[in-house]
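I opened my notebook to keep track of what I looked up today. Come along and check each entry against the picture.

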Amino acid sequence: MTSVSIDETKISVAEFEDITMPSLGADMTEGTLTQWLVKEGEQVNSGDIIAVLETQKGAIDMEVYSSGTIAEILVEPVIEVPVGTVLARLTLAEPSKKVPKPTPIPTVTASETSAEIDEHIVVSEQVKMTGIKASPIVRRLAKEQQLDITGIQGSGPQGAILLNDLTVLLKTKTKSENHKPADKTEQNMRNAIAVAMAKSKQEIPHFYLSLELDITNAQQWLQQQNQATQPEEHVLLLALLLKAMAKSLVKHPKLNGFYQDSTLGQSSVFEQASAINIGNVISLRQGGLVVPAIHDVDKLSVSKLMQGLRDITERSRNGHLRSSELMDATITVTNMGERGADSVFGIIYPPQVAILGFGKVRKTAKVVNDNVVIAQVLTVSLSADHRVVDGMLAAKFLNHLAKQLQKPERL
Amino acid sequence: MNNAYIQQNTQQIILEAIQEVAPEIEQDDIDMDEDIREECDLDSMDFLNYLIALKKSTGVSIAEGDYTQVNTFNKMLSYLSDKLA
């Protein structure tokens, strides 16, 4: 029993901050804490990675958004908890100088995806790992949790055991359900996407425009650039498209931001974002997708942007996306790539107000100065929220984008 | 080192580079004479990362102009075998 005066309670509330299971998207309802990377009493700086999470979007490196000292760890791995669950408490270094958190994403709750809190996993068998191929995190986790991983068929190179394989084992050990855990994970992701997208389509009055972009110049410029360079310096068309898009967003900022409840508690309002963070839809090989953001795209050079794209693609695959990357996109892009469809009209990811879709590159006959020439084109389409923007502005944005791509060297 | 040894070794190196971008792919999944991007479902970003992985393991840098010479598993095998011989 403690007896503190009301004043003292107030002070302690001001000095501490709860570290919670983050919402990494409107479709996320729960997450699994798989590992702490910090101990109680350890100092952390804003942006440090403090824990590893397993979510519907794969393994995620969880960041802390304030600087201070880890006061208390309240939840031990491995455990699945609902979004918002307090995992630890942080003593703030300077409460007044708090770094603003990424815009919180309203969580959609679906009864089908309601969280179930797992029991702690304690397997009494000895940990045997000699001669087993497994990723470092799997070894650590297996050791901490005293798991026997000798019998697991790994899905990594040469049968190496990856975190995904272990998750299945953890769930098998803890859940006494009739259906297979793998089916459930897939079903969870499907349900989550269904709920988020249905909500978007029901609430957001989408309208759609498309424009054919002549990218002949851009492709020629890329070919010249890439001819002499090493593979790791190659620039793909997507990097040019994103840079052109960011420059056009600077001109047309109404497409870059959030439509959500105002802080005054009145009707919803549009709030323009201060940075241009473009979320990229990346399809995962095992199915499903993640949408990590590249930050401040308008300020990056094309080659830096290309590095960023390669980096998030790689980390989407191996499970090292950072929590902030899944939280702070201000607009989204879906790129069909060269094997996809001619055009794609995306569903807006709330609370964003626009999504841009790039179709595949194709060759076409085009009339230039009364001559028929072969041009390379692709169709860009824009889905926008009519509560925030009108068709004319959206059309101006697309035309500005088309113009940017005629002078790729200036991007 | 004889040629057969280099050939076998290079084959393993190519497979490992593919598995860096597409971990679920096994040798049996690949028709060695078909387009590697279709066989392994690689997009342009995957293909680039595959070439980068190969450069790391072999030191051979494949220019964009040479892409048509390396678009199947077997073509890549002979391209690398030539460069490494």
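**Entry 1: a hairpin and its sheet**

I began with a hairpin: β4(A) and β5(A) form it, with two residues between them. I noted how such elements are named: helices (H or I, at least four residues) and strands (E, at least two) are DSSP runs, numbered from the N terminus. I also wrote down that this is a predicted model, where local features need pLDDT of at least 70 and side-chain atom pairs count only at pLDDT 80 or more, while totals for chains, interfaces and linings use all residues. Residues are numbered from 1 along each chain as its sequence is written, and chains are lettered from A and ligands numbered from 1 in the order in which they are written.

Back at the hairpin, I found that strand β4 (residues 49-55) of chain A pairs with β5(A) in the antiparallel sense over six bridges. Two strands pair if DSSP finds at least two bridges between them. Across this pairing, A:Ile49 stands opposite A:Glu63 in β5(A).

Which strands make up the whole sheet, and in what order? I traced an open sheet of five strands, β7-β2-β4-β5-β16 (chain A), with mixed pairing. β7 (79-82) and β16 of chain A are at the edges with a single partner strand each, so one side of each is left without a neighbour in the sheet.

I then followed the neighbours inward. Strand β2 (residues 30-36) of chain A pairs with β4(A) in the antiparallel sense over four bridges, and A:Trp36 stands opposite A:Ala51 in β4(A). Between β5(A) and strand β16 (residues 321-322) of chain A there are two bridges, and these strands run parallel. Here A:Asp61 stands opposite A:Arg322 in β16(A).

**Entry 2: another sheet**

Next I looked at an open sheet of four strands in chain A, in the order β1-β8-β6-β3, and its pairing is antiparallel. Its edge strands are β1 (16-20) and β3 (43-44) of chain A, each pairing on one side only. I counted five bridges in the antiparallel pairing of β1(A) with strand β8 (residues 86-92) of chain A. A:Ile19 stands opposite A:Ala88 in β8(A).

**Entry 3: chain A as a whole**

I tallied eight helices and 20 strands in chain A. Of its 411 residues, 37% count as buried; that label needs 20 or more other C-beta atoms within 10 Å of the residue's own, C-beta atoms being placed from the backbone, with exposed meaning 12 or fewer and partly exposed in between.

The domain assignment gives chain A domain 1 (6-113) and domain 2 (205-410); such bounds come from an automatic or database assignment. How many residues of domain 1 of chain A are in contact with domain 2 of chain A? I found 16, facing 14 residues of domain 2. Two residues are in contact if their C-beta atoms, placed from the backbone, lie within 7 Å. Strand β5 (residues 58-63) of chain A gives the most to the domain 1 side, with six residues.

**Entry 4: how confident is the predictor?**

I checked pLDDT, the predictor's confidence in each residue, from 0 to 100. Chain A has a mean of 80, and 73% of its residues reach 70 or more. Chain B averages 89, with 98% of the residues scoring at least 70. I marked residues 171-180 of chain A, where pLDDT stays under 50. For the complex, the predictor gives an ipTM of 0.86 and a pTM of 0.75.

**Entry 5: where the chains touch**

I found 18 residues of chain A in contact with 18 residues of chain B. The largest share of the chain A side, four residues, comes from α7(A).

Over in chain B, I looked at helix α3 (residues 44-58), which has 15 residues and reaches 21 Å from its first C-alpha to its last, close to the 21 Å expected at 1.5 Å a residue. The expected span is 1.5 Å times one less than the number of residues. Among the buried residues of α3(B) are B:Phe47, B:Tyr50 and B:Leu54. What do the buried residues of α3(B) pack against? I found α7 of chain A, together with α1 (3-21) and α2 (36-39) of chain B. After α3(B) comes B:Gly59, whose phi is positive, near 85°.
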